[in-house]
Amino acid sequence: MSLYARLDRRLESQADNDGPVRGILSGPRIGMIWLAANLVVTTLLTGTLFIPGVDYATAVTMILVGTLAGAVVLTAVGNIGTRTGLPTMALTRGAFGTRGSYLTVVANVVILMGWSWVQAMLAGVTVDYLVASLTGFSNPILFSVLCQTLVVILAIFGHEGISKVEPWLAVAMLAIIAWIFVVAFTTYSPAEFQAIPVDASIGYSPVIVLDIVIATAVSWTVLSADFNRLARSSRAGILGSGIGYTLSTVIAMVLGLTALGYVILSGGDAIAFDPATIVGAFGAPLAIVIFLSVMATNTMVVYGMTTSVVNAKHGSRLKFLPTALVLGAISIIGSTWLGLLAQFTEFLVLISALFVPVFAIMIVDYYLVKRSAYTADLLRPTGGRYWYAAGVNWAAVGVWVLGAVATYLWTKVWPLPTGATIPAFALSFVLYLVLMLPDRARHARERSVHLAGTDETGSDAPTASAAAN
């Protein structure tokens, strides 16, 4: 048997699938998973976008408010995963239909591919800064390609080891973060940070900052049910993910905000979303932590992207290894597009446009239209309640398109004083609810069951609902 065949067999035996699983993890364990997953350099650098666009206190307030608002959506979608045992993309079958959910899978892969490019570039820029400071040689594109190649190799050969070591990396990052806060606030007082002059030419306002923070939460919600289906109860999932996500996001973003404020007060150039800027201020230990966190997180992004594609169609999976090689090659090529770093806020707008309506639709569909219950029909390849019209719920698809277009227009063409994210969520929420009220009336309330133990034909042997917890 060839090396390729042996590797392919091994990966097939280890690959995650989209079938329901019975969660066993406690609230604190779920909280640690979210803390480790979200305490990453992209969240940290997002905080550098806000100053001097707005003053320090306003930025901190918007980070806190936006994170709490985003956590409501994140935990609501994650709780569906806890109650059914299914990952996020599999749950979209409930609202979009068995075949209509393929559209959300495609959107998810696009977003994850973008994240893999951004993170590879951040690692490459960081390594380039270190190498240049030591040798004078500089080639950020080369280092970005090398970093992403390493990520793809880890995703194929070492993702299990990365998932085990990631919480320890989070502990190391917390230690470095504490050290940076001590250095920053023993060098300059909070009043000096607050006195940093606001640069109105950047074009930021408190609402824009709030929009960006909520968009960050939306980008993580695509993984909410994937993680929270491992929780042993709704209480464990909601409290664990809510506290873990909120703590890690607030800490990481405020750190980025503070680090760039420190650079400004020290007389440096305030270049937002540039790891070299804050590494230059706080030294090589921060660079090493940034590099390791990117390696750990991006490995899981590439692995998650691959599993999303191979599990897009229930019961008919693509092979993991060739899919990982193709997606990995695309991610390596894309890591050379360093200009994307300058367009990061545009990337966040794309995430909001694609997924804010999706999550509004999912929440309405599960909690209001289906009355907090999905049945074993969700596991059927054809037919059943979620088949709709030839496998597609056109009401969900139409509302999704309208919500995405509205998000773009309210962000780029006719900016709203309230920002685009919350109005787009409300629009999608109300439209989908109105369109699906007849469907709700046609069906009697069904018993909420955890789908682990049911089969895809619908002839189930349902177990007691995790929702009862």
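1. Let's start with a pocket. The lining of the second largest pocket in this predicted model is made up of 13 nonpolar, 8 polar and 3 charged residues. Its space comes to about 420 Å³. If you want to find the middle of it, look for I208, D211, I212, V349 and T411, which are the closest to the centre among the 24 lining residues.

2. Which elements give two or more residues to that lining? They are α11 (206-221), α17 (344-369) and α18 (394-413). Try picking out these helices on screen before you go on to the rest of the chain.

3. Now zoom out. You'll count 19 helices and 0 strands in the protein, so don't go hunting for arrows in the cartoon, because strands number 0 by the DSSP runs used here.

4. How much of the protein is buried? Of its 469 residues, 56% are buried. As for the outside, the accessible surface is about 18,200 Å², and carbon and sulfur atoms account for 69% of that.

5. Have a look at the contacts too. Take the ones between residues at least 6 apart in sequence: 84% of these join residues at least 24 apart.

6. Last, one residue to click on: P285, which sits in helix α15 (residues 284-310). Is P285 buried, exposed or partly exposed? Its relative accessibility is 43%, so P285 counts as partly exposed; the cut-offs for that class are 20% and 50%. P285 also shows how sequence and space can part ways: I176 is 109 residues away along the chain, yet the two C-alpha atoms are 7.9 Å apart.

Note on methods
Residues are numbered from 1 along each chain as its sequence is written. This is a predicted model: local features need pLDDT of at least 70, side-chain atom pairs count only at pLDDT 80 or more; totals for chains, interfaces and linings use all residues. Side-chain values use heavy atoms; hydrogens and water are left out. Helices (H or I, at least four residues) and strands (E, at least two) are DSSP runs, numbered from the N terminus. Buried means under 20% relative accessible area, exposed over 50%, partly exposed in between (1.4 Å probe, protein chains only). On a 1 Å grid over the protein atoms alone, a cavity is a set of points where a 1.4 Å probe fits but cannot get out, and a pocket is an open set with protein on both sides within 12 Å along at least five of seven lines; lining residues have an atom within 4 Å of a point. Grid points are joined across faces, edges and corners, and a volume is the space filled by probe spheres set on the points. Ala, Val, Leu, Ile, Met, Phe, Trp, Tyr, Cys and Pro count as nonpolar, Asp, Glu, Lys and Arg as charged, and the others, Gly among them, as polar. Contact means heavy atoms within 4.5 Å. Accessible areas come from the Shrake-Rupley method with a 1.4 Å probe; for residues, only the protein chains shown count as cover.
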